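Trainee: Can we go through this model together? I'd like to start with the pockets.
Mentor: Sure, fire away.

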Amino acid sequence: MELYHGSLEIVKKPEIRKANRTLDYGSGFYTTTSYEQAEAWVRRRMDEAKRSKGYVNIYTIPEYLPSSLLQLNFQSPTEEWVDFVMRNRTEKGFVHDYDIVYGPVANDRVYAAFALYEGGFLDKQDLIKELKAYKLVDQYLFHTEAALRVLTFEEAKEVAL
């Protein structure tokens, strides 16, 4: 399977980096199965950094991952997914033990719905119903060094303004 990571740099050797902000699934290396999502991400970063080019880095992973890797998979927004994302985004010091986490991306529209939930304007069931109406792209978080070892860098495609 191919996975994509948008960046201002070519990333041949992904690293686990502590984020300077809260993220859906915690710190680590994020990828997606959507080339378009990775390209949109790098274009946003290019705008923010006033850069004229960036890259969509392309990786492959084996069809079957080692059973030693602890994985958490969310196929769609569920109560468990909401709880997991909320813990990562709001619980100071929260760190999970999963090597790889897969599930929907909480994009800008999703963040607005989460804000309504956090503010008490939506209950969890209404939030999930709202989220299931959106076409959500996916993301893979590689949270540990062991998880990164299953990624094979294939190439980087330049994205220019």
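Trainee: What volume does the second largest pocket have?
Mentor: About 300 Å³. A pocket here is an open set of points on a 1 Å grid over the protein atoms alone, where a 1.4 Å probe fits and protein lies on both sides within 12 Å along at least five of seven lines. Its volume is the space filled by probe spheres set on the points, with points joined across faces, edges and corners.

Trainee: Which residues are closest to the centre of the second largest pocket?
Mentor: Gly26, Ser27, Asn88, Phe94 and Val95, out of 16 that line the second largest pocket. Lining residues have an atom within 4 Å of a point. By class, that lining has four nonpolar, seven polar and five charged residues. Ala, Val, Leu, Ile, Met, Phe, Trp, Tyr, Cys and Pro count as nonpolar, Asp, Glu, Lys and Arg as charged, and the others, Gly among them, as polar.

Trainee: Before I go on, what sort of model is this?
Mentor: This is a predicted model: local features need pLDDT of at least 70, side-chain atom pairs count only at pLDDT 80 or more, and totals for chains, interfaces and linings use all residues. Residues are numbered from 1 along each chain as its sequence is written, and side-chain values use heavy atoms, with hydrogens and water left out.

Trainee: And the largest pocket, what's its volume?
Mentor: About 1300 Å³. It has 38 lining residues, and the closest to its centre are His5, Gly6, Arg21, Tyr30 and Trp41.

Trainee: Which element gives the most to the lining of the largest pocket?
Mentor: Helix H1, with six residues. S1, S2 (29–31), H1, H3 (108–118) and S6 (138–142) each supply at least two. Helices (H or I, at least four residues) and strands (E, at least two) are DSSP runs, numbered from the N terminus. The lining of the largest pocket divides into 14 nonpolar, 11 polar and 13 charged residues.

Trainee: Tell me about H1, then. Which of its residues are buried?
Mentor: Ala38, Val42 and Met46. They sit on the same side of H1, because they cover an arc of only 80° around the axis. That arc is taken from the directions from the helix axis to the C-beta atoms. Buried means under 20% relative accessible area, exposed over 50%, partly exposed in between (1.4 Å probe, protein chains only).

Trainee: What covers the buried residues of H1?
Mentor: The cover includes strands S1 (2–7), S3 (53–60) and S7 (152–160). The face turned away from the buried side carries the exposed Glu36 and Glu48.

Trainee: What follows H1?
Mentor: Lys50, in the loop between H1 and S3. Its phi is positive, about 55°, although Lys50 is not a glycine.

Trainee: Is Lys50 buried or exposed?
Mentor: Exposed, at 74% relative accessibility.

Trainee: New topic. Where does Thr31 lie?
Mentor: In strand S2. Thr31 is buried, with a relative accessible area of 3%. Leaving aside neighbours within four places in sequence, Thr31 is in contact (heavy atoms within 4.5 Å) with Leu3, Tyr4, His5, Asp138, Gln139, Tyr140 and Phe142.

Trainee: And where is Leu151?
Mentor: In the loop between helix H5 (145–148) and S7. Leu151 is buried too, with a relative accessible area of 11%. Not counting residues up to four places away in sequence, Leu151 touches Leu3, Pro14, Phe29, Tyr59, Thr60, Ile61 and Phe142.
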